[in-house]
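This briefing addresses the sheet, the helices packed on it and the surroundings of the two ligands. Please consult the sequence and structure shown below alongside the text.

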Amino acid sequence: MNTSLTDKWILITGASSGFGAAAAVAFAKQGARLLLGARRLERLEQVSAQARAVGSPEAHFHALDVASTASVNVFAAWAGMTTGRVDILLNNAGGAHGLDTVAEGKDADWEAMFQSNALGLLRVTRAVLPLMPHDAGASIINIGSIAGHTAYEGGSAYCGAKAAELQITRALRLELNGTGIRVSTLDPGLAETEFSIVRFKGDATRATKVYEGMNALTAEDIAETILWLATRPAHVNIDELIIKPTDQAAIHKVFRRPVPK
Ligand code: NDP
Ligand code: 8X3
């Protein structure tokens with residue numbers, strides 16, 4: 001039997017936009033209860049209101065900076081007081097900062113990428129694990145990237161951080177073997193969210209060009225896949241799943257239609 005999400009508690013990091021916000025809404029439509037974290041509180045407030053409007057009996061939010069151990073621990077304590085139980089942990093917070101070569105790279109960008117995509121995932125998982133039940137179909141779903149599998153120029157730190165995410169996921173699955181807690185990584189290719197706006201530090205024109213002439217994945221595509229992962233029967237673990245747009249045959253091979261001038 002597939003796992004029902006009704007009354008399950010779902011904790012989502014990076015729930016203020018993109019995949020995390022879309023996943024919150026998708027889980028809410030299934031009647032799940034939500035714990036949402038990110039740094040932008042006004043955006044979290046909007047997402048939690050939308051989640052309640054589409055069917056979540058409870059959608060709570062709290063400030064979370066996964067780059068700070070103190071913030072993660074306060075967030076996890078809040079989650080524990082709110083519910084005492086987390087059935088599904090979606091480690092989604094992360095992103096890219098800059099597209100510089102190693103020769104041109106900035107410490108602040110490198111640090112932000114390893115903090116959010118790798119160390120943040122470790123910190124949140126450590127803090128939330130005590131809240132996760134054993135042998136009840138609980139899941140940890142980590143968001144990786146095809147960038148963790150294949151490097152590209154300008155992607156050294158992002159690709160490195162997502163490669164770390166992949167290996168952290170694999171180690172965690174070994175460590176949790178026997179607990180019944182499932183551990184998956186979902187590794188998308190090009191998806192049009194705020195990802196490139198963040199990467200290019202607010203340059204929307206440059207961000208739009210990343211997806212020009214091709215049909216990119218949407219946040220809803222990813223949310224639907226996360227939902228599918230979370231609802232496999234309790235004895236089924238999807239270890240690693242790569243999802244790419246049909247127009248993206250490989251990280252460097254993207255089909256683009258001519259764009260009318
Ligand atoms: P968005 O920029 O739309 O969302 C990123 C989310 O991460 C936001 O909610 C942001 O919240 C949160 N976040 C970033 N840093 C922190 C932090 N330090 N503490 C807490 N939250 C943080 O992009 P996506 O939805 O596309 O990205 C979601 C995940 O998917 C990321 O891990 C990204 O690397 C990955 N990914 C994206 C792909 C794409 O093409 N879009 C492809 C493959 C993977 P806030 O700023 O409010 O804190
Ligand atoms: C995001 C996909 O190819 O822009 O992780 O790095 S890519």
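The model is predicted. Its 7 strands form an open sheet with parallel pairing. Ligand 1 has 31 residues around it, and the protein buries 95% of the 870 Å² that this ligand exposes when taken alone. For ligand 2, the protein covers 87% of an accessible area of 240 Å².

**The sheet**

- The strand order in the open sheet is 3-2-1-4-5-6-7.
- Strand 3 (59-63) and strand 7 (240-243) are the edge strands, each of them pairing on one side only.
- On average, and with direction ignored, neighbouring strands of the sheet are turned by 15° against each other.
- Strand 5 (residues 139-143) pairs with strand 6 (residues 182-188) in the parallel sense, over 5 bridges.
- Ile143 has Leu186 of strand 6 as its bridge partner.

**Helices on the sheet**

- Helix 1 packs on the sheet and touches strand 1 (9-13), strand 2 (33-38), strand 4 (88-91), strand 5 and strand 6.
- The direction of helix 1 makes about 170° with that of strand 1.
- Helix 3 (residues 69-82) also packs on the sheet, where it touches strand 1, strand 2 and strand 3.
- Between the direction of helix 3 and that of strand 3 the angle is about 155°.

**Surroundings of ligand 1**

- Ser16, Arg39, Arg40, Tyr158 and Thr193 come nearest among the 31 residues around ligand 1.
- The side chain of Arg40 has an N or O atom 2.8 Å from an oxygen atom of ligand 1.
- Backbone atoms also take part: a polar backbone atom of Val66 is 2.9 Å from a nitrogen atom of ligand 1, and a polar backbone atom of Gly94 is 3.4 Å from an oxygen atom of the ligand.
- Helix 1 (18-29), helix 5 (156-175) and helix 6 (195-199) are the elements that give two or more residues to the shell around ligand 1.
- By class, this shell holds 14 nonpolar, 12 polar and 5 charged residues.

**Surroundings of ligand 2**

- Ser145, Ala147, Tyr152, Tyr158, Leu190 and Phe195 are the residues around ligand 2.
- Side-chain N or O atoms of Ser145 and of Tyr152 each lie 2.6 Å from an oxygen atom of ligand 2.
- Tyr158 likewise places a polar side-chain atom 2.6 Å from an oxygen atom of ligand 2.
- The shell around ligand 2 consists of 5 nonpolar residues and 1 polar residue, with no charged residues.

**A residue shared by the two ligands**

- Tyr158 is listed among the residues that come nearest to ligand 1, and Tyr158 is also one of the residues around ligand 2.

How values were computed
Residues numbered from 1 in each chain as written. Chains lettered and ligands numbered in written order. Predicted model: local features only at pLDDT ≥ 70, side-chain atom pairs only at ≥ 80, totals over all residues. Heavy atoms only, no water. Near = heavy atom within 4 Å. Polar contact = N/O pair within 3.5 Å; in protein donor to acceptor, adjacent residues only side chain to side chain. Areas by Shrake-Rupley, 256 points an atom, 1.4 Å probe, with all protein chains shown as cover. Helix = DSSP H or I, 4+ residues; strand = E, 2+ residues; numbered from the N terminus. Nonpolar A, V, L, I, M, F, W, Y, C, P; charged D, E, K, R; others polar. Pairing = 2+ DSSP bridges. Axes fitted to C-alpha atoms, helices over the stretch in contact; angles between N-to-C directions. Contact = heavy atoms within 4.5 Å.
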